[in-house]
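Visitor: I'm new to reading protein structures, and I'd like a close look at a single part. Could you pick one spot and walk me through what surrounds it?

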Amino acid sequence: YVVEDSAGNRTERTRYVTVTFDPSLIGDEFVPNGDFSLGMAMWTTTTGLEGGNATFEVVDGELKINVTSVSGGLWEPRLENKGLTFEQGKFYEVEFQARALAPRAIHVQIGELLDSAPWFTNFKTGQTTIFDLTTEMQTFSFVFSMSLATNENGAVIFEMGTVPMSDGTNGTLITSIFLDNVVIREVEEFDDEVAPVISGAGNRSIV
């Protein structure tokens with residue numbers, strides 16, 4: 001607040017308003033506030049660590065992500081919903097709706113974010129989930145099997161850095177992305193088309 005009288009004397013005061021939400025409104029959905037009806041509650045963001053930046057706001061029931069810069073890799077700017085429990089041996093379907101003001105791709109990860117190297121535990125090893133966005137709202141989904149031990153610190157993560165589209169181009173990286181209705185549900189079974197991953201089998205010369 002700023003008040004100035006006729007003699008030019010000026011006083012300024014700042015008032016801070018903290019907005020909280022009622023936890024009972026979150027419900028029992030696997031992804032709390034997946035429809036953004038509670039604004040950004042339960043969602044966190046990661047920006048500015050490697051040059052990727054964006055602003056996040058809920059507009060007309062959709063999350064608008066205004067990407068202003070990107071990191072050289074896939075991961076930043078990033079949006080996360082953490083603290084999700086994934087059980088070993090179960091199958092999960094991840095579904096969401098998205099569009100962009102100009103064609104570009106996003107990368108969706110499922111796993112645990114770590115505080116130190118290797119920084120991330122991937123729950124869907126060998127399965128790449130990159131989706132091409134158009135200017136029309138579309139529903140995207142994928143299914144994966146949780147083969148690791150049950151984890152209560154899992155997350156669904158949307159990465160909006162330099163993500164290549166299916167045609168090999170980057171599309172329009174600096175644009176606005178709209179996201180809505182993020183849902184994860186258990187499914188009984190699915191056709192597993194992900195090949196096994198072989199690690200540590202590089203070429204060697206033996207003399």
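**A close look at T46**

Guide: Let's start with T46, which counts as buried because its relative accessibility is 12%, and the cut-off for buried is under 20%. Keep in mind as we go that this is a predicted model. T46 has its place in strand β3, which covers residues 44-46.

Now, what does T46 touch? Leaving aside neighbours within four places in sequence, T46 is in contact with W75, E76, P77, R78 and E80. One of these partners, E80, also has a side chain joined to the side chain of T46 by a polar contact of 2.5 Å.

Another partner of T46 is R78, and R78 takes us to the largest pocket. R78 is among the residues that lie nearest the centre of that pocket, along with L113, L114, W119 and F120. In total, 14 residues line the largest pocket, and about 320 Å³ of space lies in it. The lining is a mix: six of its residues are nonpolar, three are polar and five are charged. Where do they come from? Strands β6 (78-86), β8 (104-113) and β12 (151-159) each supply at least two residues of the lining.

Let's follow β6 onward. In the loop between β6 and β7 you'll find E87. E87 is partly exposed, because its relative accessible area is 33%. Not counting residues up to four places away in sequence, E87 touches Y92, M146, T150 and E186. Here's a nice example of folding to look for on screen: E87 and N151 are 64 residues apart along the chain, yet their C-alpha atoms are separated by 6.5 Å.

Y92 also turns up among the contacts of F142, so to speak a handy stepping stone for our tour. F142 sits in strand β11, residues 138-145, and is buried, with a relative accessible area of 8%. Leaving aside neighbours within four places in sequence, its contacts are Y92, E93, V94, V108, I110, K124, Q127, T129 and F131. With E93, F142 makes another long jump: the two are 49 residues apart along the chain, while their C-alpha atoms are 5.7 Å apart.

Next comes the nonpolar core. In soluble globular proteins, nonpolar side chains tend to be buried together. The largest nonpolar core here has 33 residues, and F96, V156 and F158 have the most contacts inside it. Strand β7 (residues 91-100) gives the largest share of this core, five residues. Take F96 and see who touches it: not counting residues up to four places away in sequence, the list is I106, V108, F131, Q138, T139, F140, F158, L179, D180, N181 and V182.

For a contrast, jump to V2 in strand β1, residues 2-4. V2 is partly exposed, with a relative accessible area of 48%. Setting aside residues up to four places away in sequence, V2 touches R10, T11 and E12. V2 and T14 are twelve residues apart in sequence and 8.8 Å apart in space, C-alpha to C-alpha.

Finally, zoom out to the whole chain. It has zero helices and 13 strands. Buried residues make up 35% of its 207 residues. Of the contacts with a separation of 6 or more, 72% are between residues 24 or more positions apart. And T46, where we began, is one of the buried residues.

Notes: Residues are numbered from 1 along each chain as its sequence is written. This is a predicted model: local features need pLDDT of at least 70, side-chain atom pairs count only at pLDDT 80 or more; totals for chains, interfaces and linings use all residues. Side-chain values use heavy atoms; hydrogens and water are left out. On a 1 Å grid over the protein atoms alone, a cavity is a set of points where a 1.4 Å probe fits but cannot get out, and a pocket is an open set with protein on both sides within 12 Å along at least five of seven lines; lining residues have an atom within 4 Å of a point. Grid points are joined across faces, edges and corners, and a volume is the space filled by probe spheres set on the points. Helices (H or I, at least four residues) and strands (E, at least two) are DSSP runs, numbered from the N terminus. Ala, Val, Leu, Ile, Met, Phe, Trp, Tyr, Cys and Pro count as nonpolar, Asp, Glu, Lys and Arg as charged, and the others, Gly among them, as polar. A nonpolar core is a set of buried Ala, Val, Leu, Ile, Met, Phe, Trp, Tyr and Cys residues joined through side-chain atoms within 4.5 Å. Buried means under 20% relative accessible area, exposed over 50%, partly exposed in between (1.4 Å probe, protein chains only). Contact means heavy atoms within 4.5 Å. A polar contact is a pair of N or O atoms within 3.5 Å; within protein, one must be able to donate a hydrogen and the other to accept it, and residues adjacent in sequence count only if both atoms are side-chain atoms.
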